[in-house]
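Visitor: Could you take me through one part of this protein slowly? I would like a close look at its salt bridges, please.

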Amino acid sequence: MTEALPLDSFNALDAEAAAARVRSWLDCGWWVEQIVAGRPYDDLSAVEAAAVEFWRQTTPTQQLEAFAAHPLIGDVDALRAKFGARAQRAQAEQGQILGADDHTLEQLAAGNRAYREKHGFIFIICASGIAPSELLQQLQRRLPNDSVTERETAAAEQEQIMRLRLKQALTSSAGTSSA
């Protein structure tokens, strides 16, 4: 994971460096552009408010772009292969999955395949602190939804993920935590 950056340092980054930072919170081109263009931010709550406002303005296509940047829940090998340096963050966000038994991992893999086949995008959930068995239950509960409902649910989950990442990425000033 990238070390948290003081807000004043974030505000001072050139656009390319700022975009790279913001992309780690939520990887949607239009959204990243809006956050970067909105600088400078006065405080952390202003960054979060802008992030939420812009996310809620995204189109379904833009939401799918952000979803595509996520690893599959429970697919540790794919995390390493697809996300390289970001795999550590994904593993931290899905940390409890590493302790899952083989049966649960197999069920998650099968559920993920069925979910993607039905809805056209991967299962998105804010997995932080959720046991593997609960992740599986949530996947199974959401799988029967229609795809519009499920995209909206996934977008709400994506917002939660983005908020967590943003809070971990910025501090109010040098040496001060945002939490």
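Guide: Here is a walk through the salt bridges, starting from one arginine.

This is a predicted model, where local features need pLDDT of at least 70 and side-chain atom pairs count only at pLDDT 80 or more, while totals for chains, interfaces and linings use all residues. Residues are numbered from 1 along each chain as its sequence is written, and side-chain values use heavy atoms, leaving out hydrogens and water.

A salt bridge here is a side-chain nitrogen of Lys or Arg within 4 Å of a carboxyl oxygen of Asp or Glu, and the structure holds six of them. Let's begin with Arg-163, which pairs with Glu-48; their closest N and O atoms are 2.8 Å apart. This pair links distant parts of the chain, since Arg-163 sits in helix α10 (residues 147-169) and Glu-48 in helix α4, 115 residues apart. (Helices are DSSP runs of H or I with at least four residues, numbered from the N terminus.)

Arg-163 also meets the side chain of Glu-159 in a salt bridge, at 3.2 Å from N to O. Both of these residues, Glu-159 and Arg-163, lie in α10, four residues apart, or about one turn of the helix. Salt bridges with shared partners join Glu-48, Arg-56, Glu-159, Arg-163 and Lys-167 into one network.

How open are these side chains? Buried means under 20% relative accessible area, exposed over 50%, and partly exposed in between, using a 1.4 Å probe and protein chains only. Arg-163 is partly exposed at 27%, whereas Glu-48 is buried at 15% and Glu-159 is buried at 10%.

Finally, look at Glu-150 and Arg-142, whose salt bridge has its closest N and O atoms 2.5 Å apart. Glu-150 and Arg-142 are both buried.

Note on methods:
Helix = DSSP H or I, 4+ residues; strand = E, 2+ residues; numbered from the N terminus.
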